[in-house]
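Open the structure in your viewer and get ready to click along. At each stop you will read what to select and what is there.

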Amino acid sequence: MSDGRMIETKTFLGIPPFPVAAKEALADSQLRGNMHHATHTIRTKRARVTAELPDWEQLRVAGADIKDDVTANMGRYLVQLEESLTKAGANVHWARDAAEANQIVIGIARRHKVDEVVKVKSMATGEIELNVAMEKAGIAVWETDLAELIVQLGHDLPSHILVPAIHRNRSEVREIFMREMGKVGMPAAADLSDEPAELAGAARRHLREKFLRAKVAVSGANFMVADTGTLVVVESEGNGRMCLTLPEVLISVVGIEKIVPTWKDLEVFLQLLPRSATGERMNPYTSTWTGVTPGDGPQEVHVILLDNNRTKVLADEVGRQALRCIRCSACLNVCPVYERVGGHAYGSIYPGPIGAILTPMLKGVGVSKQIDSLPFASSLCGACYEVCPVRINIPEVLVHLRELVVGSHRGGVPGTLMTTMKGASWLLGGGWRLGLLQKAAGLSTRVLWKNGVIGRMPPPMSRWTDARDCPAPPTESFRAWWKRTDGGRNDAGSAGGTAGKGDQR
Amino acid sequence: MKAREEILRRVQEANVAPNDHPIRRDYAQTVKLADPVGTFVERVEDYQATVIRTGPGGVAAAVAKSLDGARRVVVPAGFNTSWVPDGVDVVLDEPVLSSADLNEVEAVLTSAVLGIAVTGTIVLDHTEGQGRRALTLVPDLHVCVLTEDQIVGDVPEAVGRLSPSVDAGRPLTWVSGPSATVDIELIRVHGVHGPRTLRVVLVESPTT
């Protein structure tokens, strides 16, 4: 019994648009240090273990093809999966949206008269904010993944798909455990040090009593096999196995895109996922289960097939490739933007490059400034596409979404961007116009630039310069230099003193 | 409209065109290793698990060494009794042990269905000699006996061999080293919730 004790869950509600949130994050040097260390460590490991496989590129192609087959035949595979699951003794539920999924979970928990559940880390349940709904219904949810536990006890938000508490260092974790564990169960030892091994030990003791008494568990799944009705959970700590094995009732909330057609397809994904995610040849534990196994594990098994706007993504011809995503987080670890600002600035359970495309598609463009800012949270460098194990062309989708965002705001009146671009085309269309402007710029920017860069400019240009430093133009344009020196043949020193440092960058 | 019908209708309305090519499976289905057993041992040890190699006559002694003084040991039904060393207090799962009972046991001794060389993984399909899933989860030490002829090359071969178990509705547990986490500052810590120690006893096959 939870004795009525539970933890209030924080939500992403109220996170400001990306440029504002990013600015705050960039000012936090501790956060930047943590993120730099984490992303570089994992990306190095990933590069090493993917290079070990000579057929890595062929595996990526197969992974993408299998997932495209699922999106192309989603209806057929969903019906087949439902049949396989039912035959294996599982109860299949369908949920159109978050509220419906949450109600199904709450209904099952209430039927079993429990006031607590143990939970495996899962992106889908984070997306539907299951914990908040359960708390409102008076049911405590105990996160059992170490990082999720740190986030939950710290009344905090996850900042990475794979290692959600990566923004915390050991002394912060110790402080959270000392302060919070006793409020909701077995307290941390008074002499707890900040050694990671000791902190993990404290989590083991704290959660063990919850595992041993829990009657109901909630999980997600990494894969659902349509032809056998098998669900797969890939993990490291064993908290997943605890939840999938010890309780009497198991409820799995799974996005409909998690389907793979056949058992054989796992030979591809069980190579792609661990190597892309933690940079290991294989993760410590992978569990598969097919409905109910008499005498082994939960004897009542539920699977909730979640849409929650995945079918909207499916309808987007360019964007639907995002449904291939296996949530490995390799794109986060190589992203120069994510590395510097961390996960919270994205204002979503899905941060980084994949979040910048998934969140706007799942929640819709044109409804919130915060969401609309996400497709612009990228330099389009393409590193995410290169590492993606299922070859999602994230830059392509980002550009597509930028078009949708801009289009949704225009409503007939040309926006600033369009006006600016039209002006640019007029200027660049005639050499003499450009020459005049460059002369003016060379003069005027002496007022604006500092240390060779132009910082904040007044509106409407501020929309560009708020988030970017712009190199200051040199004092003399190339056209003027060419004219003055006769193409370099007669160069007697530069014309207007030293040029801004900007032109050397 | 019911949720099921509405979701299926939305999928249909998304109107996804069929793919213009079949799934390309040009990756390796089998892998040629000079020494699969050697690779398996090296990769298991990479996870900080220990491996003891022995001839068929030395299994009980290798198990005794691996148990490292643990006295109360769960041994599932169907496990080869000649592999159980003397002096071990064998705990049976009959009648079924409660989770709390299991929590009081020091170690668990099982076999496995196969091992994967390239990834250093052992797989249990929870048939004879392997016990139900909770047995290899709650105790802090897992000793697993595997024979060399059970080792396959890479993941595709394993997935193929495990297909009958899955078709029969059996659960699987893939184990690659002891329970681990890198959740705090990316520092690897062993044994969060699963067994903190994994020891593999690898028995020479008569044919090799």
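Which residue of β3(B) does R72(B) stand opposite? Select R72(B) and look across: the residue opposite in β3(B) is D89(B). Before going further, note that this is a predicted model, where local features need pLDDT of at least 70, side-chain atom pairs count only at pLDDT 80 or more, and totals for chains, interfaces and linings use all residues. Residues are numbered from 1 along each chain as its sequence is written, while chains are lettered from A and ligands numbered from 1 in the order in which they are written.

**Stop 1: the sheet of chain B**

Now select strand β2 (residues 72–74) of chain B together with β3(B): they pair in the parallel sense over three bridges. (Strands, E, of at least two residues, and helices, H or I, of at least four, are DSSP runs numbered from the N terminus; two strands pair if DSSP finds at least two bridges between them.) Add the other strands to see an open sheet of six, in the order β1-β12-β7-β4-β2-β3, with parallel pairing. Its edge strands are β1 (50–54) and β3 (89–91) of chain B, each pairing on one side only. From one strand to the next, the twist averages 25°.

**Stop 2: helices on the sheet**

Select helix α2 (residues 36–46) of chain B, which packs on the sheet and touches β1 and β12 (197–203) of chain B. Its direction makes about 150° with that of β1(B). (Contact means C-beta atoms, placed from the backbone, within 7 Å; angles run from 0 to 180 degrees between N-to-C directions, and axes are lines fitted to C-alpha atoms, for helices over the stretch in contact.) Next, pick helix α3 (residues 59–67) of chain B, running at about 170° to β12(B).

**Stop 3: where the chains meet**

Show both chains: 61 residues of chain B are in contact with 73 residues of chain A. On chain B's side, α1(B) gives the largest share, ten residues. For a link between strands, select β9 (residues 285–290) of chain A and β9(B), which run antiparallel and are joined by four bridges. Click Y285(A) to find its bridge partner in β9(B), V175(B).

**Stop 4: two helices in chain A**

Finish with helix α3 (residues 56–72) and helix α12 (residues 266–277) of chain A, whose axes come within 9 Å and cross at roughly 120°. Among the residues that meet here are L59(A) and I66(A) in α3(A), and F269(A) and L272(A) in α12(A).

Note on methods
Two residues are in contact if their C-beta atoms, placed from the backbone, lie within 7 Å.
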